[in-house]
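Here are a few exercises to help you find your way around a new structure. Try each task by yourself, then follow the worked solution step by step.

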Number of protein chains: 2
Amino acid sequence: MPYGYTGKILRIDLNSKKVTIDTNDEVWYRTYWGGAAMAAWYMLKEMEAGIDPLGPDNMLLFMNSPIVGAPLPGLSRMVVCAKSPLTGGFGESQAGGFWAPELKKAGWDGLIITGKADSPMYLMIKDDQIEFKDAGHLWGLETAEAQTKIREENGDDRIRVAQIGPSGEKMVRFSSIVNDLNHVAGRTGLGAVMGSKNLRAIAVRGTQDIQIKDPEVVKEKAKWFAQNFMDNPQGRDLHLIGTSVFVAPQNELGILPTKNFCDGSFEGADSISGETMTETILKKREGCYACPVRCKRVVAIEEGPYKVDPTYGGPEYETLGALGCYLQISDLAAVAKGAEMCNKYGLDTISTGGVLAFAMECYEKGILTKEDTDGIEMTWGNGAALVEMIEKINKREGFGDILAEGSMRAAKKIGKGAEKYAIHVKGQEVPAHEPRGKGMLGITYSVSELGAEHTRVEHDTDFDFTAPEIWLEQAKSLGLLRRLPTETIDEDKVRMYYYLQHHFSMLDVLGCCLFTFAPVRTFTMADLVDMTSAITGWETSLWELMKAGERRWNMARAFNIREGFTKDDDWLPERLFEPLQTGALKGKGIIKSELREAIDLYYQMCNWTEDAVPTKAKLVELDLKWISDKMGEYVINGKKLRESGNIPHL
Amino acid sequence: MPYGYTGKILRIDLNSKKVTIDTNDEVWYRTYWGGAAMAAWYMLKEMEAGIDPLGPDNMLLFMNSPIVGAPLPGLSRMVVCAKSPLTGGFGESQAGGFWAPELKKAGWDGLIITGKADSPMYLMIKDDQIEFKDAGHLWGLETAEAQTKIREENGDDRIRVAQIGPSGEKMVRFSSIVNDLNHVAGRTGLGAVMGSKNLRAIAVRGTQDIQIKDPEVVKEKAKWFAQNFMDNPQGRDLHLIGTSVFVAPQNELGILPTKNFCDGSFEGADSISGETMTETILKKREGCYACPVRCKRVVAIEEGPYKVDPTYGGPEYETLGALGCYLQISDLAAVAKGAEMCNKYGLDTISTGGVLAFAMECYEKGILTKEDTDGIEMTWGNGAALVEMIEKINKREGFGDILAEGSMRAAKKIGKGAEKYAIHVKGQEVPAHEPRGKGMLGITYSVSELGAEHTRVEHDTDFDFTAPEIWLEQAKSLGLLRRLPTETIDEDKVRMYYYLQHHFSMLDVLGCCLFTFAPVRTFTMADLVDMTSAITGWETSLWELMKAGERRWNMARAFNIREGFTKDDDWLPERLFEPLQTGALKGKGIIKSELREAIDLYYQMCNWTEDAVPTKAKLVELDLKWISDKMGEYVINGKKLRESGNIPHL
């Protein structure tokens, strides 16, 4: 197995401070490929059901794929998995940057971290030298300070650091893992898992070459991409404006989630749009390993109430949505400040916006008062409240300690009907994409094993305002030959969702950036297959890779079933069935019966039982017979599946 | 739609002698692609359930694909479909040669023939000129004579003729459609359908260029193939020895069906092996359009009791098996004579061998006597009986008229327990591949919608005696990463079958020859995708194409359900559960419980109900909602499916 991957996974046990190496064969790598599929394999095999996500029995896994790290745009993703402290189910989050390729250059396809350190520490991985280092002096530091210290004390500026911030140390349930200060694996609260292990950072330095079977193909593809991505409308937009380019058109189309998902448009949208940001506070563009798109922003504000440090980059679309629109804050400086704080402290911006929006609506409804909120006026549009409350969440101080639990748990604690205003699925706050205007999102938010998440389908291209022709042309090779009306949730939409889910899950497994590979982006499906073959020397196909994507979500589903999730967890918060109060889609709510039918059809399309359990046939088909062999022992509604009588062939 | 296909299908109604043209759009072509999927679309939409396959309401369809006719090895397949007079279900048969590319050059993606001519006629298609021509003078002629006359009377030697022979005229239920005299679409009795329509031949001459988007890629692939196929063990064998190369090793492995499937080896195998044929009666090698493999044989015998005319080519492996081993005839001359007669008269050699073996076993058991068989001694190994009885079948004369109905119907007519010796599935005789030694074949013979057929999986490579490493390397891109023991019928085998079925069905839909494209052959999956994209200008993928393959068999399954087939029809003849009497696998029979479990798991893997009905979800997923919309009206076991209560979501 000489090409494209090392074949070595590093196991680090924090209890014993022992390091071991797992080698797996080609069949294993070509079955699981990378990312969450590799992680799920370990989590299903080695993690006990029902463990405390914030206890020492949780595992924290960073998984590459055989193609991560090859010098091509979009092969830079850091994939982190663990049992989620936010949802209690399968946790996964991804970020770009430079850390994952560095890990590959150090010779590792992945890290498996188990146990808990006695005291704060960090890991220093230089090729095959692994050091357990004291992190007492880093504890409580902002992320930039910690990164600087790590680089200084190891005498190497080229060290890449994936770390938590103070929020993660305090196990805020939606804390993130940050690499290079502005590449953030934010979702499902995996920073809290790292914090629970007393692990502040994983510093990596790799000096080895990444083996590539056919470097000429890689060079050609990279060159072609660099020459052509600006001719693709979405490539150009991502470079010029960044992900925030979506603020303005989504507002116009009435699908910009506003005021805790009451509204579909935001009056202040223009003042926090990507265009405005570009014209005012943008200082430069940054990017990821080997990628010319440079969709990351660097913003700075030197004056006024909200000074923003460019060290932490700048806000993405999701951040503008969650910290801006969700809260009706139209002051770009306040939103940018909130974004900076989230990166500095290690918080997921989507869930941060989500819990704050929840708090503001409770405040409006009188469920919370100034006394509950430590004197902070949690009123819509209040930028100062945003900043002050993030500070409190980070410190788990006063009311911030309640919000640090995430909106689902906070609502339970607050009571008085607050749960109505916690807009989450499976405990995870809903991202800034509006399912009432993007039908597929209604399905994906419901059924995703990670709780509400927006990266499981090409959601904005079922509305697709930028490049419909390119989208359709690329989607055809996925078997999607027609565009569909956007808002609908019907049988055709289920089909489209099912196929796109294969595709996006495949990209996640391979550690590919959605912005270079998904439909509408510059690389096509054929490019992905060609480059995967060129890197690995394995002649692969879109069939093989799509099946790897399907395998991943079936494994995550099995994990969740083992943790006690049922089909009842696959459903949306009540808010999304209510009519939108403003915007082009004013009056539109999701129709429950339509969603119910769609989800049931989706289960059947997945070849799952009507209780949303993968059938034995599906698991055998995906070469996951070892899961079906165990599944009979899983308990649903107090009964072992084997005894429930409705699991064919189990 | 400028490239790779014409976008035009020709409809010819023999009742009214009217010709019309169907144009379908790109979405239609990219959904159904070609071959049996396109045919099934028409058959499900336009044919009534329950019609007589030999009546005027049957449709006879010849379907190309967007890549058939491009100058590349293996893109020459003529695909014929109709309701089968042998099985009563979906009928399909394929042959190589030159006719299908000629039809493409004439500007046609397919022919749909309906109705019945008042009197014998043939069609002369020259580009867009369609003539209905009298065939009174051709009626009763051997195929070579008829072809010569057609070419002469139309003054063009380059006319390609697909025709039936006298057997088809007489509606022998296993008669074939022959092109160029030795390319035979033999299975499921479609020659009888053509005969029932009084249509002796379809003569085609095309003078147009086939549009190819990227001719350079096509040229390169063709050149590469020509330079490399002889380095592939199977390519070399097919060229040097032909398909008959399989006789010797299959005999050695005990999987050469002998004596009506009683035995697994044949003492006389050496004398009818490919090697012997090559050394003795082979005169030259011939091939198909644009293919350098030239796996077709031309044999001649000028002396002795069995003179063989080289005009009709020479026997394939299946023919040697069916006319030789099935009957224990070790006289190569007799077998070659039988082969020549089948091509001359238009008979399927497999079913011909099958009915004769059935008769011989009945004769041995005393169920038939010399009086029943018009004085012919139907004894094992009797070459003269072979020749005489083919003569009688062709003329439907005496006992030949009974055998002309196929073994299932003949056995019913004969009674006295004869049914036990009729080795067929769904009425079609079993090919010369032994499921007791090739586990996947036990599944495929059972569940295939066409009845017993051997081209739905890479059956000989699950035993794979020639190139196991190449097979595995190519199968990996299908998601098959491990070789499996050959004889087993278990869960892993079902998975392998399911994936290979996608692959082979895809090749069938595209009109690709299995010998250039299937695993172990010279072109890889990646080559197929690349050339399909290059020809059509559509950037396709193995995912899209595998799904087209899956679509085809689900459509054929829907057709059969509509015709009243149930899961009870998916089963093997009793003989195959009996122990093999001779050979390396002596004593081995298929275990019923294993086959039952495998088939049930297969249904579930297909996302079908336990009654083997495609679920709505599967049909929606394959973009076949229009079938699921109608399926509720289909009747199974006297009940409409909609009322049966066990069809989820119907």
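**Exercise 1.** In this predicted model, decide whether Arg557(A) is buried or exposed, and find its salt-bridge partner.

*Solution.*
Step 1. The relative accessible area of Arg557(A) is 5%. Buried means under 20%, so Arg557(A) is buried.
Step 2. Its salt-bridge partner is Asp570(A), with 2.8 Å between the closest N and O atoms.
Step 3. Arg557(A) sits in helix α22 (residues 542–562) of chain A, while Asp570(A) belongs to the loop between α22 and α23 (592–605), so the pair ties together parts 13 residues apart in sequence.
Step 4. Asp570(A) has 1% relative accessibility and therefore counts as buried too.

**Exercise 2.** Find the partner with which Lys625(A) forms a salt bridge, and say where each residue lies.

*Solution.*
Step 1. As background, side chains of opposite charge can pair when their charged atoms come close.
Step 2. The side chain of Lys625(A) meets that of Glu491(B) in a salt bridge, at 3.2 Å from N to O.
Step 3. This pair crosses between chains: Lys625(A) is in helix α25 (residues 625–631) of chain A, and Glu491(B) is in helix α19 (residues 491–510) of chain B.
Step 4. Lys625(A) is partly exposed, at 27% relative accessible area, and Glu491(B) is partly exposed at 21%.

**Exercise 3.** Now look for a salt bridge that involves Glu491(A).

*Solution.*
Step 1. Glu491(A) pairs with Lys625(B), again in a salt bridge of 3.2 Å, N to O.
Step 2. Here the pair runs between chains from helix α19 (residues 491–510) of chain A to helix α25 (residues 625–631) of chain B.
Step 3. Lys625(B) has a relative accessible area of 27%, which means that Lys625(B) is partly exposed.
Step 4. For the wider picture, the whole structure holds 98 salt bridges over all chains.

**Exercise 4.** Describe the surroundings of Thr444(B).

*Solution.*
Step 1. Thr444(B) is placed in helix α17 (residues 439–447) of chain B.
Step 2. With 0% relative accessibility, Thr444(B) counts as buried.
Step 3. Setting aside neighbours within four places in sequence, Thr444(B) contacts Glu453(B), Arg456(B), Val457(B) and Tyr497(B).

**Exercise 5.** Place Asp157(A) in chain A and name the surface patch that includes this residue.

*Solution.*
Step 1. Asp157(A) is found in the loop between α4 (143–153) and β9 (160–163) of chain A.
Step 2. Its relative accessibility is 65%, so Asp157(A) counts as exposed.
Step 3. Together with Asp134(A), Glu152(A) and Glu153(A), Asp157(A) forms a negative surface patch.

Technical notes:
Residues numbered from 1 in each chain as written. Chains lettered and ligands numbered in written order. Predicted model: local features only at pLDDT ≥ 70, side-chain atom pairs only at ≥ 80, totals over all residues. Heavy atoms only, no water. Patch = residues over 30% accessible without salt bridge, like charges linked within 9 Å, V, L, I, M, F, W, Y side chains within 5 Å. Areas by Shrake-Rupley, 256 points an atom, 1.4 Å probe, with all protein chains shown as cover. Salt bridge = Lys/Arg side-chain N within 4 Å of Asp/Glu carboxyl O. Lys, Arg positive; Asp, Glu negative; His and termini not counted. Charge placed at Lys NZ, Arg CZ, Asp CG, Glu CD. Helix = DSSP H or I, 4+ residues; strand = E, 2+ residues; numbered from the N terminus. Buried < 20%, exposed > 50% of the residue type's maximum accessible area, 1.4 Å probe, protein only. Contact = heavy atoms within 4.5 Å.
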